[in-house]
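Open the model in your viewer and keep the selection tool at hand. We will walk through it stop by stop, picking something new each time.

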Amino acid sequence: MATGSDRVAVELCKGINGLDKVVLRESRGSSVEVYLYGGQVTSWKNDHGEELLFVSSKAIFKPPKAIRGGIPICFPQFGSHGGLEQHGFARNRVWSIDTDPPPFPTVSSNKAFIDLIFKPTEEDMKIWPHSFEFRLRVALGPGGDLMLTSRIRNTNADGKPFSFTFAYHTYFSVSDISEVRVEGLETLDYLDNLQSKERFTEQGDAITFESEIDKIYLSTPTKIAILDHEKKRTFVLRKDGLPDAVVWNPWDRKAKAMADFGDDEYKHMLCVEAAAVEKPITLKPGEEWRGRLELSAVPSSYCSGQLDPRKVLLSS
Ligand code: BG6
């Protein structure tokens, strides 16, 4: 399948181990790859062809193991916040292309995009006894921005509501974790996964990294910035419907314990995950929830003072 105008293209092809993937391309050169396995974005490149997401060199592209890197979807459970398997099962199911998605309020004609859908099988409903339709639109904007929109609808016929937690578990590629800072989470409350999910308050400074981190920041602003000093690049996350933000880096000891992660790779990745964890989302039959994440990567001369990181956060 290859569609699109001269400006954008959408192509269905085979990825690693013959798994189906969709490639979105924009005329200026940026691109995105999405595996149907997990509905998972595994690559996002800017118009210079530089990879912006981290995928482990040891990632296993083989069900039922979730792909280590890119943007796994955590649903219907984030982490171990419930009785299901870690991060739920959406990330290790094969999604389908949604050929006839319900319309979006905004027009996507200038973007390359693909619509995916995940509906539970009878086996899935033994694990989580609810019927739902999870629609995911992955879109690449003309300037190379990556947009993900999730629409989750309760289709239970038995009149029952359901509740879920959710995250876009985004692995950003960074030059050197010790040179990175995250702006937008200062002074916020967080649950510390490394301290029995206890609640603490963050200090006033931007977040920097010198050891393992696994925190769920609560009631976060819609905009968060990751400043990569060495690469002179700033990632800007804009999110909607996703009040929390998880920040994770396994550091050396946990990196060594993960079979699908290189021992030193923790230096070159950072997860900042737009999420809804603290307050689960509840949907009655017929109701739909929407959660949106927009990522952009902008050149920053942060160290030379040309671009004030605070302006990145404060600009609309
Ligand atoms: C993060 C969690 O989101 O994902 C961490 O906060 C977890 O606790 C990490 O270790 C990776 O999870 P997994 O299941 O992909 O190894």
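Two strands count as paired here if DSSP finds at least two bridges between them. Keep in mind throughout that this is a predicted model.

**Stop 1: a hairpin**

Select residues 8-14, which form strand E2, together with residues 20-26, which form strand E3. These two run antiparallel and are joined by 7 bridges. To see one of the pairings, show Val 8 and look across to E3, where its bridge partner is Glu 26. Now colour the 5 residues between the strands of this hairpin. Pick Asn 17 and check its backbone: phi is positive, near 60°.

**Stop 2: the open sheet**

Next, bring up the open sheet of 8 strands. Reading across, the order is E7-E8-E9-E10-E21-E18-E17-E13, and the pairing is antiparallel. Which strands form the edges? They are E7 (96-97) and E13 (180-183), each of which pairs on one side only.

Move inward and select E21, residues 288-299, with E10, residues 146-154. The two are antiparallel, with 8 bridges between them. Put labels on Thr 149 and on Arg 292 of E21, since they make a handy marker as bridge partners.

Keep E21 on screen and add E18, residues 233-240; this antiparallel pairing also has a count to note, 8 bridges. Here Leu 237 is the one to click, with Leu 295 in E21 as its bridge partner.

Leave Leu 237 highlighted and add E17, residues 223-228, which pairs with E18 in the antiparallel sense over 6 bridges. Ile 224 stands opposite Leu 237 in E18. So what is the bridge partner of Leu 237 in E21? Leu 295, as you saw a moment ago.

**Stop 3: the ligand**

Now centre the view on the ligand, whose space is the largest pocket. Show the residues around it as sticks: Arg 68, Phe 78, Gln 86, His 87, Arg 91, His 169, Asn 193, Asp 214, Val 246, Trp 248 and Glu 273. Colour them by class and you will find 3 nonpolar, 4 polar and 4 charged residues in this shell.

Finish with a few distances to oxygen atoms of the ligand. From Arg 68, a side-chain N or O atom is 3.0 Å from a ligand oxygen. His 87 has a polar side-chain atom 3.0 Å from a ligand oxygen. For His 169, the polar side-chain atom lies 2.8 Å from a ligand oxygen. Taken alone, the ligand exposes 390 Å², and the protein buries 82% of that.

Note on methods
Residues are numbered from 1 along each chain as its sequence is written. This is a predicted model: local features need pLDDT of at least 70, side-chain atom pairs count only at pLDDT 80 or more; totals for chains, interfaces and linings use all residues. Side-chain values use heavy atoms; hydrogens and water are left out. A residue is near a molecule or strand if one of its heavy atoms lies within 4 Å of it. A polar contact is a pair of N or O atoms within 3.5 Å; within protein, one must be able to donate a hydrogen and the other to accept it, and residues adjacent in sequence count only if both atoms are side-chain atoms. Accessible areas come from the Shrake-Rupley method with a 1.4 Å probe; for residues, only the protein chains shown count as cover. On a 1 Å grid over the protein atoms alone, a cavity is a set of points where a 1.4 Å probe fits but cannot get out, and a pocket is an open set with protein on both sides within 12 Å along at least five of seven lines; lining residues have an atom within 4 Å of a point. A molecule sits in a cavity or pocket if more than half of its atoms lie within 2 Å of its grid points. Ala, Val, Leu, Ile, Met, Phe, Trp, Tyr, Cys and Pro count as nonpolar, Asp, Glu, Lys and Arg as charged, and the others, Gly among them, as polar. Helices (H or I, at least four residues) and strands (E, at least two) are DSSP runs, numbered from the N terminus.
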